[in-house]
Amino acid sequence: MSFQNLELVHVVAMDQQNCIGKANDLPWHISADLKHFKAITQGGVVVMGRKTLESMGRTLPHRTNWVITRDPNWSFEGVKVAHSLKDALQQAALDVPASAQPNCIFIIGGGEIFKQSINITDRLEITHVELDVQGDTHYPAIPENFKKVAAEQHIDDKTGIAFEFATYRK
């Protein structure tokens, strides 16, 4: 299901237990994954929850940053604020230029935002990290209607951590 003719894309890295975070931070540092994330989302519109932005401590440059929060008084410099997923997607859709390629909105976390949007998402860009970190924030189970259509295996030069860049489509 596309949202206003835009493709909704989850961009996430997770371990073998679908862990995406630990103590409000990424539980690993894989330089290639950060570069991959940047390449996918650069120049686009990203939607995230408040905790995700606060864990990064800054907006993502060269992207329109939308944050979802229930707090009507919350603000952060350089961020557009919405108070529900639906509101964020409707407003973020107006920020995607008609000429944008790909023509999509990137949902980048956290766990609650992924859970709320998994059933309306068109594509998943997942970095599968071969670790079990026992974190506290998890990605929802990938629905059966998603099929892996591309995969690239890698090993991080510095840490030796194995990981896979995978694309899933409905």
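**Exercise 1.** Decide whether R169 is buried, partly exposed or exposed in this predicted model, then find its salt-bridge partner.

*Solution.* Start with the relative accessibility of R169, which is 35%. Buried means under 20% and exposed means over 50%, so R169 counts as partly exposed. Next, look for a carboxylate: the side chain of E7 meets R169 in a salt bridge, 2.7 Å from N to O. Finally, place the two residues: E7 lies in strand β1 and R169 in strand β10 (residues 162-169), so the pair ties together parts that are 162 residues apart in sequence.

**Exercise 2.** Which residues are linked with E7 in a network of salt bridges?

*Solution.* Take R123 to begin with: its closest N and O atoms with E7 are 3.2 Å apart, forming a salt bridge. This pair joins strand β1 to strand β7 across 116 residues. Now check burial: E7 is buried at 16% relative accessible area, and R123 is buried at 8%. The full network consists of E7, R123, E125 and R169.

**Exercise 3.** Work out which strands stand at the edges of the open sheet of 8 strands.

*Solution.* Write down the strand order, β5-β4-β3-β6-β1-β7-β10-β9, with mixed pairing. Read off the ends: β5 (80-82) and β9 (147-155) each have a single partner strand, so one side of each is left without a neighbour in the sheet. For one pairing inside the sheet, take β1 (residues 7-14) and β6 (residues 104-107), which run parallel over 4 bridges. Here V9 has F106 as its bridge partner in β6.

Conventions
Residues are numbered from 1 along each chain as its sequence is written. This is a predicted model: local features need pLDDT of at least 70, side-chain atom pairs count only at pLDDT 80 or more; totals for chains, interfaces and linings use all residues. Side-chain values use heavy atoms; hydrogens and water are left out. Two strands pair if DSSP finds at least two bridges between them. A salt bridge is a side-chain nitrogen of Lys or Arg within 4 Å of a carboxyl oxygen of Asp or Glu. Buried means under 20% relative accessible area, exposed over 50%, partly exposed in between (1.4 Å probe, protein chains only).
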